[in-house]
Amino acid sequence: MQAALALARRGLGNVWPNPSVGCVIVRDGQVVGRGWTQPGGRPHAETEALRRAGHLARGATAYVTLEPCSHHGRTPPCCDALIAAGIARVVCALRDPDHRVDGRGFVRLREAGIAVEEGLCAAEARAVTAGFIKRITQGLPLVTLKLATTLDGRIATRTGESQWITGPPARREAHALRARHDAILVGSGTALADDPELTCRLPGATPRQPLRVVADARLRMPVTARLVATAQDTPTLIVTAPGHPPSVRAPYQSAGVELATVPRAREGLALRPLLEALAQRGVTRVLAEGGAGIAAGLLREGLVDRLAWFHAPGIMGGDGLPAAYPLPVDVLAAMPRFRRVAARPLGEDWLTEFERD
């Protein structure tokens, strides 16, 4: 199952709206087939593993990280494929919360005479599948807030200079983070200040670039910005407030940008409806890269599930731009809290990862 989970991690960022699943087929103590969900969500992991196993799948055990599907979508049910291949036993980590499956896959397998065991490595599988589970059960994607700051939590000098606070190893890891997420979210202020590409630029890291999402209530983004100019090649969504006339929207749409509207909030856009709109598009994992307004808004509304905090070994002082604007927090009990789950050095910098407490 640990091997199946490692395979499942390969698909993160590449398979949405489907879950990323891993499958290992074992016969007589030997691995005879391995598979993981392919880019775009198809073929499924079980189908890939069975294809590699061939006739050796008959009488074998399939270790799968998520309950095999039992419904017809764009591909036939994986349950049918396992049954037809003669699999004798299925060991599964998690039940699929999708109402079209949710235990029906296990029932179908057992009715066909296949032994089914549930719950092996469930916690690890839940961590890998967290984005899909949250989209299905809550109508929201999993949100990771990425911050790159000095030791005192500053992301730019008082003059706005921010490139580069961290060194090359940390920046490479930031690109690896992008590869594992379906979408990257920034505010219009960050887009205007940095004119970023928001692409994963690690060679061979991902066959599918993440969806680039800009929260821009006033449609301030110039059509000459790199995010707009490259929209024909890399999917780009600008989320804005209602009321912009067609003449204002047309240049973005002509450039290949998709536009969506959500209600305004007191400061900028309402972020929960924005995330709900992404979930409706099938997005399961969002990497929020800034700026301070987006960070504060997500934290204020309790929408951050994970933190990826890159710390550079320097101090900027109180006149630097903070990682998050005021929340505000009047008492300690109101402070958003997280628990540390990992920490490691990246050159001179540190990456510390947290999960919501």
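Begin the tour of this predicted model by selecting helix 1, residues 2-10, where Ala4, Leu5, Leu7 and Ala8 are buried. If you turn the view to look down the axis of helix 1, its buried residues fall within an arc of 160°, so they line one face of the helix. To see what that face meets, add strand 1, strand 2, strand 3 and helix 5 (122-128) to the selection, for the buried residues of helix 1 pack against these elements.

From there, move on to the sheet itself, in which five strands form an open arrangement in the order 2-1-3-4-5, with mixed pairing. Strand 2 (30-36) and strand 5 (115-118) stand at the edges, and because each has a single partner strand, one side of each is left without a neighbour in the sheet. As you step across the sheet, the twist averages 15° from one strand to the next.

Within this sheet, select strand 3 (residues 61-66) together with strand 4 (residues 89-94), which run parallel and are joined by five bridges. Which residue of strand 4 is the bridge partner of Leu66? Highlighting Leu94 shows the answer, since Leu94 is the partner of Leu66 in strand 4.

Next, bring helix 2 into view, residues 45-53, which lies across strand 1 (22-27), strand 2 and strand 3 and runs at about 140° to strand 2.

The next stops are charged side chains, of which the model offers several to visit, the count of salt bridges coming to 18. Start with Asp28 and Arg27, which form a salt bridge whose closest N and O atoms are 3.8 Å apart. Is Asp28 buried or exposed? With a relative accessible area of 70%, Asp28 is exposed, while Arg27, at 29% relative accessibility, counts as partly exposed.

Then select Arg108 and Asp80, a salt bridge in which the closest N and O atoms are 2.8 Å apart. This pair links distant parts of the chain, since Arg108 belongs to helix 4 (residues 104-111) and Asp80 to helix 3 (residues 78-85), with their positions 28 residues apart. Arg108 is partly exposed at a relative accessible area of 30%, and Asp80 likewise counts as partly exposed, at 28%.

Further along the chain, Asp195 forms a salt bridge with Arg226, and here the closest N and O atoms are 3.8 Å apart. Asp195 sits in the loop between helix 8 (188-194) and strand 9 (211-215), whereas Arg226 is in helix 9 (residues 226-229), so that this pair, 31 residues apart, also links distant parts of the chain. Asp195 is partly exposed, with a relative accessible area of 29%, and Arg226 is partly exposed as well, with 37%. Before leaving the charged residues, select Glu48, Arg51 and Arg52, which are joined into one network by salt bridges that share partners.

For the last stop, select strand 13, residues 306-311, and strand 6, residues 142-149, which pair in the parallel sense over six bridges. Thr149 has His311 as its bridge partner in strand 13. Now add strand 16 (residues 349-356), which runs antiparallel to strand 13 and is joined to strand 13 by six bridges. What is the bridge partner of His311 in strand 16? Selecting Trp350 completes the tour, because Trp350 is the residue of strand 16 that is paired in this way with His311.

Notes:
Residues numbered from 1 in each chain as written. Predicted model: local features only at pLDDT ≥ 70, side-chain atom pairs only at ≥ 80, totals over all residues. Heavy atoms only, no water. Pairing = 2+ DSSP bridges. Helix = DSSP H or I, 4+ residues; strand = E, 2+ residues; numbered from the N terminus. Axes fitted to C-alpha atoms, helices over the stretch in contact; angles between N-to-C directions. Contact = heavy atoms within 4.5 Å. Salt bridge = Lys/Arg side-chain N within 4 Å of Asp/Glu carboxyl O. Buried < 20%, exposed > 50% of the residue type's maximum accessible area, 1.4 Å probe, protein only. Arc of directions from axis to C-beta.
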